[in-house]
Amino acid sequence: MMPNNKSISEAMLDCYQVSKNFGGLQALSDVNLRVKEGTVHSLIGPNGAGKSTLLNVITGMIVPTHGSVVFDGKPLGNVSPHEINQLGMAKVFQTPAIFPEMSLLQNVCIPALAARDGAFKLNMFDRGEGDPIESFAEETLAEVGLQEVMHSEARFLSRGDKRRLELAICIAHRPKLLLLDEPTAGMARHETESTIELLRKISKSGMTMVIVEHDMNVVFALSDIISVLAQGSIIAEGNPDDVKGNPKVIEAYLGEEQE
Amino acid sequence: MNHIFLQILTGLQISALYMLIALGLTLIFGTLGVVNFAHGALFMLGAYFAVEISSQFGFGVAIIAVPILLFIIGIIMERGLIRFFYERPHTDQILVTFGLAIVLGEVMKTIYGANNLPFDIPKWGSGIVRLHEYLPFLEGFVAYPKWRLILIVVSFSTVISLFTLLQFTKFGLIVRAGMRDSQMLAFLGVNITRRFTIVFGIGSVIAAIAGLFGGPITQVEPEVGMHMLIPSFLVVVIGGMGSLPGAVLASLILGMSISFTAEYAALQQIIIYLIAVIILLVRPRGLMGKKGLME
Amino acid sequence: MNKSTSIFSKYPIPIFSLVVLSFPFWFEYIGGYPGLDTKILIWALMALGFDILLGFTGYLSFGHAIFFGVSAYATGLMLKHFSPEIIPAMFIAVIVGTIMAFAVGYLTMKRSGIYFSILTLAFGEMLNSAALSTLQDITGGDNGLTIPDVKPVLFGIRMDGLSMYFLAAAILILGYYLARRIATSPFGLILKAIKSNQERLEYTGIDVQKYKLGGFVISAIYASIAGSLMVIYEPYVATEYLHWSTSGELVIMSVMGGVGTLVGPMIGAAFMLYFENVLSVPLGEEWLLVLGIIFMAIVIFLPGGFMEGLARIKKRYFNKSNKEEK
């Protein structure tokens with residue numbers, strides 16, 4: 001294996017010539033995306049550009065018509081969601097996906113168990129209480145600032161806090177790659193700001209992230225690299241300053257407004 | 001030749017009944033997303049009403065009255081009960097319709113008793129048809145009960161009418177779109193609830209037709225609803241849940257398989273389940289099931 | 001809620017044992033008769049196991065008669081042809097039931113819950129038809145499996161009356177203890193997560209399919225033990241043991257009692273058998289109609305069953321004292 005050194009960092013995720021055709025509609029054509037380890041890589045682009053499709057291809061929810069995805073050196077073929085997750089990829093959904101009827105602590109215990117015991121273990125008679133898993137889950141909740149309310153049911157949380165909980169569920173796994181599908185959608189301004197802070201903190205711990213986001217403040221505040229998708233292709237890629245001034249990007253967005 | 005022909009005919013007759021019940025089930029499931037465990041009870045009600053009305057006023061009146069009655073009952077069922085369950089988990093929908101099936105069965109038991117009610121076939125439908133007189137390829141004497149032939153004709157006419165309705169009317173267009181994506185339709189501002197209430201009514205009418213023409217062949221007793229429901233469920237699942245052509249195809253497969261195993265009683269009793277297992281192992285979504293529905 | 005104040009939640013196993021063990025001595029004062037108490041325990045055992053499936057994972061099986069019935073036939077055949085000693089009979093019965101559970105579970109649990117309900121119902125009917133016709137030489141067909149002159153024994157002790165009751169009671173208490181352990185274990189937590197949000201669970205690295213199958217098999221083992229006990233209690237296998245109505249009754253009692261609570265379905269079982277055998281006398285032929293209406297009313301207005309009803313009553317009348325304690 002390569003030494004874990006950022007200066008010569010390997011690609012954590014490599015999408016190679018990915019195309020997806022939905023019954024005649026070309027959602028993605030020849031997309032090459034390389035996400036380097038330890039970076040925050042954002043995907044932006046007008047509506048219908050193929051961002052969500054690309055994200056779904058990465059998580060294996062959609063099988064591409066052509067091309068391949070290599071994650072951490074392993075090609076992702078026909079793998080189920082839990083296998084992808086066990087390989088070290090976690091996803092934050094567009095609408096918060098949590099376990100609403102369970103306590104926050106239980107919500108986070110589940111991914112912690114998945115990380116410790118694998119995808120399946122017939123662990124029927126272990127007492128849940130007092131398990132080291134619980135203190136681990138508690139720490140993870142503390143990281144996202146939800147430790148205070150860890151015994152209340154998840155469904156009573158505000159939308160922003162649900163998102164935090166989902167983040168906790170995802171990072172409890174200590175994934176190598178965290179995918180975020182519009183992490184600040186529907187949030188109030190102060191919630192957005194605290195989410196940016198939180199994501200920045202998580203990224204500093206060395207976790208690689210891919211973010212699909214509409215809010216440019218979030219994108220520019222967090223990203224190391226930005227890829228711009230339009231009509232199923234990547235039209236520009238670079239650091240935030242490069243992308244800001246790129247005429248193609250401006251055109252793509254203006255094109256959307258005229259429609 | 002004669003033998004195979006008769007087996008095909010019997011297969012068609014068995015399919016005819018399952019097809020009618022399964023069509024209503026899959027239509028209601030596809031549009032409203034509800035698995036109606038009380039659908040067999042609608043068939044049972046249809047059969048009871050048919051017996052009662054035809055003994056009082058003749059079968060001709062029953063042909064008109066029973067579908068109308070069941071249409072009304074279907075609408076009441078949807079508006080008065082089922083619609084409160086659209087937002088609740090699927091298990092609750094199954095539970096409440098299962099409860100309703102029990103209650104309806106028990107009500108009929110209280111009124112008519114647990115025994116089979118005799119269902120007199122109208123004069124014009126009784127007796128046999130000498131098929132060899134019409135079909136030159138049959139050798140010797142080949143006869144078939146007239147009522148069973150009528151059932152086949154009625155069933156397939158119903159299927160064709162339903163497909164015509166769905167294929168060539170604006171109402172049908174909306175229903176078909178709804179079977180694909182009901183949220184999209186709601187988004188487009190189409191009032192699906194009212195139209196889907198009518199779909200529930202149509203499903204009930206098809207069950208009524210099944211009860212009218214199938215009652216004399218099955219039996220008219222409180223248990224018959226559940227008895228018919230289980231194979232019809234299999235038809236729906238094998239055909240692919242929510243797929244109308246799938247239901248037609250699957251009922252033909254099941255009907256024929258029952259008919260062609262008639263000489264092996266031990267096999268005949270379980271053949272439809274065996275076929276179901278095999279098909280579901282090969283095609284977990286059923287023959288014509290679409291991706292997305294029921295995942 | 002007043003979780004901390006309830007005596008039951010402090011000492012669940014001792015209190016449960018006390019109720020179960022003393023049951024035959026006060027049951028007759030509320031209209032019960034000897035033998036019905038044993039039957040109630042057997043059904044309670046099946047309902048308890050059913051809750052591990054329906055209450056935890058949310059999967060509604062309409063085919064649990066399969067495991068009850070198959071195990072009943074296996075027990076009957078063992079008692080009839082092998083030995084009246086019940087241990088080998090129960091052992092084989094549970095193994096047969098478990099194998100059935102893996103087969104049925106594998107075929108039915110791949111997809112959604114609706115699919116599962118329909119297919120379990122269909123598989124139940126398949127086995128019922130098979131028992132009545134295809135396999136009638138072994139099962140006795142429509143007459144059921146008669147086991148003449150066999151008196152089941154445990155280590156030579158005859159199992160009838162009170163001894164049978166206490167055998168069932170011991171198994172039920174053990175079953176309840178194990179079910180509670182499962183409920184608080186990581187395995188139980190993940191089963192409950194299936195009901196809560198299956199998609200999230202998959203994307204959390206859990207092989208949901210295996211957990212579902214695990215929950216299904218465990219609940220089927222409970223049903224198998226219950227089926228076996230039923231034949232030991234009454235050495236005869238009725239055809240209705242495999243009929244869908246047995247699955248239906250199990251669903252009704254579990255839902256009436258309150259799914260997901262473990263105790264609720266057992267109360268539901270007791271209520272249902274009491275209703276069927278004691279209250280049906282004054283109600284006459286219409287008892288099932290009344291029960292059906294009660295069931296529907298519970299599904300519509302009180303989805304948590306009797307247990308939710310109890311909780312609501314508690315909340316209304318004891319809320320004040322509860323606040324003071326806090």
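Here are some short exercises on this structure, each with a worked solution.

Before you start, note that this is a predicted model, in which local features need pLDDT of at least 70 and side-chain atom pairs count only at pLDDT 80 or more, while totals for chains, interfaces and linings use all residues. Residues are numbered from 1 along each chain as its sequence is written, and chains are lettered from A and ligands numbered from 1 in the order in which they are written.

**Exercise 1. Trace the open sheet of four strands in chain A and explain why β2 and β5 have a free side.**

Step 1: Get the vocabulary ready. Helices (H or I, at least four residues) and strands (E, at least two) are DSSP runs, numbered from the N terminus. Two strands pair if DSSP finds at least two bridges between them.

Step 2: Read off the order. In chain A the strands follow β2-β1-β4-β5, and the pairing is antiparallel.

Step 3: Look at the edges. β2 (25–36) and β5 (74–76) of chain A each have a single partner strand, so one side of each has no neighbour in the sheet. From one strand to the next, the twist averages 25 degrees.

Step 4: Zoom in on one pair. Strand β4 (residues 66–71) of chain A is joined to β5(A) by three bridges, and A:Val69 stands opposite A:Leu76 there.

Step 5: Add the helix. Helix α1 (residues 51–58) of chain A lies across β1 (11–22), β2 and β4 of chain A, at about 120 degrees to β1(A). Such angles run from 0 to 180 degrees between N-to-C directions, with axes fitted as lines to C-alpha atoms, for helices over the stretch in contact.

**Exercise 2. Decide whether the residues of strand β7 of chain A are buried or exposed, and find the partners of β7(A).**

Step 1: Apply the cut-offs. A residue is buried if 20 or more other C-beta atoms lie within 10 Å of its own, exposed if 12 or fewer, and partly exposed in between, with C-beta atoms placed from the backbone. In β7 (residues 177–181) of chain A, five of its five residues are buried.

Step 2: Consider the faces. In a regular strand the side chains alternate between the two faces of the sheet. Here A:Leu177, A:Leu179 and A:Asp181 are buried on one side, and A:Leu178 and A:Leu180 on the other.

Step 3: Find the partners. Strand β6 (residues 89–92) of chain A pairs with β7(A) in the parallel sense over four bridges, with A:Lys91 opposite A:Leu179. β7(A) also pairs in the parallel sense with β8 (residues 208–212) of chain A, over five bridges, and A:Asp181 has A:Val212 as its bridge partner.

Step 4: Follow the chain. From β7(A) the path goes through helix α6 (residues 189–204) of chain A to β8(A), a right-handed β-α-β crossover. Right-handed means that, with the strands pointing away from the viewer, the path from the first strand over the helix to the second runs clockwise.

**Exercise 3. Which element of chain A gives the most to the side that touches chain C?**

Step 1: Define contact. Two residues are in contact if their C-beta atoms, placed from the backbone, lie within 7 Å. By this rule, 30 residues of chain A are in contact with 25 residues of chain C.

Step 2: List the elements. α2 (81–87) and α3 (104–117) of chain A give two or more residues each.

Step 3: Pick the answer. α3(A) gives the most, with seven residues.
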